[in-house]
Amino acid sequence: MHGEYKVPGGKLVVVDLDVEGGVLRDARVAGDFFLEPDEALDAVNHALNGAPADTDAAGLAARVEAALPEGTVMYGLTSEGIAIAVRRALAHATDWTDYDWQLIHEGPQSPALHMALDEVLTTEVAAGHRPPTLRVWEWATPSVIIGSFQSLRNEVDPAGAERHGIEVVRRISGGGAMFVEPGNTITYSLSVPEALVQGLSFQDSYAYLDDWVLGALGDMGIKAWYQPLNDIATEAGKVAGAAQKRMVGPGGGPGAVLHHVTMAYDIDADKMLEVLRIGREKMSDKGTKSAQKRVDPLRRQTGLAREAVIERMIDSFRGRYGLADGKVTPEELARAEELAWTKFGSPEWTSRVP
């Protein structure tokens, strides 16, 4: 069995192992990490051998940690990363490079249609009818996108939304509200087979699916990191938030994961505060007193035009994993347009949590 895991902000960990009699055998850890002293690697392999195959990642990490020689130093490697690589090997997880990725980057579309496209395209990936897809959004109108479980009246000031011509829609994933203005926001979705995140906890899957964009930001001179559970942050502040939805495959079989991210290229913080009801408690748990300080736009940090930031992100993804240009099929678009009308554009769905 073979498993790989890229430690967020670190290096690649590779584990090859066998299972005999319900326990791990012949475990061999490798990768492009740095580890001192040399004998620490033998200690790691020894700690994994004999572990019950159903040991969870926390248990495996504890075994590794306990076995490390005193004074061990890891660079780009963690005990947790080793454990996750083991779990991915046992789950027969796939890797990014196992797939032929497709890019969809089309013209501006309505907020409701974007919500519908996320659902349709991820369902198609789950069914095996479309390859894993990176979709970069273009917005036709300003909008507030609330999470699947958020209260409409608690999150949005209707008078402020009406005054600024803000359309409110609800997405299928959880998480918090997104304030979106065309030209000020960069949004993308990943629709990926469930196998890509096999062996990862829910939290670890966020870090794993965000890692490529951290590299893309790094190429633009921005040191960014994943901040649990679903934020991407820099020294200047939060720059993005992610959300996920898991979809079951046909007949209850292996499904797909929708992972979408909204990044602040620029932001009108005063307008956002008039539209969103951001309470003092939410401000305080982020360690700041104002919404203006919660999000630091990419325009200021990169000095690049929005289109250039998007182009560099796409180029970074393509350089890592390969990426062919694609498009939404007529059949997918027809289904999405119907969903946009019957579901995501309906008052019943938008106010399902009043």
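I started with charge on the surface: Glu-36, Asp-38, Glu-39 and Asp-42 form a negative patch. For a patch I take residues with over 30% relative accessible area and no salt bridge, joining like charges within 9 Å. Asp and Glu count as negative, Lys and Arg as positive, with His and the chain ends not counted. I place each charge at CG of Asp, CD of Glu, NZ of Lys or CZ of Arg. Areas are Shrake-Rupley with a 1.4 Å probe.

Note to self: this is a predicted model, so local features need pLDDT of at least 70, side-chain atom pairs count only at pLDDT 80 or more, and totals for chains, interfaces and linings use all residues. Numbering runs from 1 along each chain as its sequence is written, and side-chain values use heavy atoms, without hydrogens or water.

I looked up Asp-42 next: it sits in helix α1 (residues 39-48); helices are DSSP runs of H or I, at least four residues, and strands are E runs of at least two. Asp-42 is exposed at 55% relative accessible area (exposed is over 50%, buried under 20%, partly exposed in between).

Then I searched for salt bridges (Lys or Arg side-chain nitrogen within 4 Å of an Asp or Glu carboxyl oxygen) and got 15 in the whole structure.

Asp-211 pairs with Lys-6 at 3.3 Å, N to O. Asp-211 is in helix α7 (residues 202-219) and Lys-6 in strand β1 (residues 2-6), so this bridge ties parts 205 residues apart in sequence. Asp-211 is buried at 7%, while Lys-6 is partly exposed at 27%. Both belong to a salt-bridge network with Arg-320.

Methods: Patch = residues over 30% accessible without salt bridge, like charges linked within 9 Å, V, L, I, M, F, W, Y side chains within 5 Å. Buried < 20%, exposed > 50% of the residue type's maximum accessible area, 1.4 Å probe, protein only.
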